[in-house]
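Reader: I would like a close look at one part of this model, the cysteines, and at whatever surrounds them in the fold. Please keep it plain, and tell me how the rest of the chain is arranged as well.

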Amino acid sequence: MKQFLLIFFAVIFSVLCCAFFLWWENNALTITPIIYRNQKVPPPFDNFRIAHISDLQNKSFGEGGWRLLHKLSSCSPDIIVITGDLID
């Protein structure tokens, strides 16, 4: 009986962890900084910041998208590029 309860709780814990991970993957806003260097890029574009938003899937990030807007403003981008699957 003790072994059954241990296995039962391990399965329940694993399912809850997987559910949380899937929820987080679908709702998290992450920033991945990438530094691109190339001698062909003209000097006026030194420290030029591009915010690339992709695959929003008609997702809502707070009322009026405030979570997304806050993340974007924290990066201080020079340009915002939206690509990927957009459902409207």
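Author: What follows starts with the cysteines and then moves along the chain to the core, the loops and the far end.

The model is a predicted one. How many disulfides does the structure hold? The count is 0. A disulfide is a covalent bond between the sulfur atoms of two cysteines. For a pair to be counted here, the two sulfur atoms must lie within 2.5 Å. The cysteine sulfur closest to that of C17 belongs to C18, and because the separation is 7.1 Å, the two are too far apart for a bond. Seen from the other side, C18 is likewise in no disulfide, with the sulfur of C17 as its nearest cysteine sulfur at 7.1 Å. Buried or exposed, or something in between: what is the state of C17? C17 is partly exposed, at 36% relative accessible area. C18 is also partly exposed, with a value of 48%.

Next comes the helix at the start of the chain. Helix α1 covers residues 2-27, and F9 is found in it. F9 has a relative accessible area of 54%, so it counts as exposed. F9 also belongs to a nonpolar surface patch, together with M1, F4, L5, F8, I12 and L16. The accessible area of this patch adds up to about 780 Å².

The interior is a separate matter. Which residues make up the largest nonpolar core? There are 6 of them: L29, A51, I53, F61, L68 and L72. Two elements, β1 (50-54) and α2 (66-75), each give two or more residues to this core. For L68, the contacts beyond four places in sequence are L29, I53, L56 and F61. Of these, L29, I53 and F61 are listed in the core too.

Helix α2 also holds S74. S74 is partly exposed, with a relative accessible area of 49%. Its C-alpha atom is 45 Å from that of I7, and the two residues are 67 places apart in sequence.

The loops can be taken in order. D46 sits in the loop between α1 and β1, and N47 has its place in that loop as well. Both residues are exposed: D46 has a relative accessibility of 55%, and N47 has a relative accessible area of 75%. From D46 to Y36, 10 residues apart in sequence, the C-alpha distance is 9.9 Å. The backbone of N47 deserves a remark, as its phi is positive, near 60°, in a residue other than glycine. Most residues other than glycine have a negative phi. S76, in the loop between α2 and β2, is another non-glycine residue with a positive phi, about 50°.

The last stop is the segment after β2 (79-83), where D85 lies. D85 is partly exposed, with a relative accessible area of 45%. Leaving out neighbours within four places in sequence, D85 is in contact with D55, L56 and Q57. L56 is thus a contact of D85 and also one of the residues touched by L68. The C-alpha atom of I35, by contrast, is 25 Å from that of D85, with their positions 50 residues apart along the chain.

To return to the request: C17 and C18 have their sulfurs 7.1 Å apart, and the structure holds 0 disulfides.

Note on methods
Residues are numbered from 1 along each chain as its sequence is written. This is a predicted model: local features need pLDDT of at least 70, side-chain atom pairs count only at pLDDT 80 or more; totals for chains, interfaces and linings use all residues. Side-chain values use heavy atoms; hydrogens and water are left out. Buried means under 20% relative accessible area, exposed over 50%, partly exposed in between (1.4 Å probe, protein chains only). Patches are made of residues with over 30% relative accessible area and no salt bridge: like charges are joined within 9 Å, nonpolar side chains (Val, Leu, Ile, Met, Phe, Trp, Tyr) within 5 Å. Accessible areas come from the Shrake-Rupley method with a 1.4 Å probe; for residues, only the protein chains shown count as cover. A salt bridge is a side-chain nitrogen of Lys or Arg within 4 Å of a carboxyl oxygen of Asp or Glu. Helices (H or I, at least four residues) and strands (E, at least two) are DSSP runs, numbered from the N terminus. A nonpolar core is a set of buried Ala, Val, Leu, Ile, Met, Phe, Trp, Tyr and Cys residues joined through side-chain atoms within 4.5 Å. Contact means heavy atoms within 4.5 Å.
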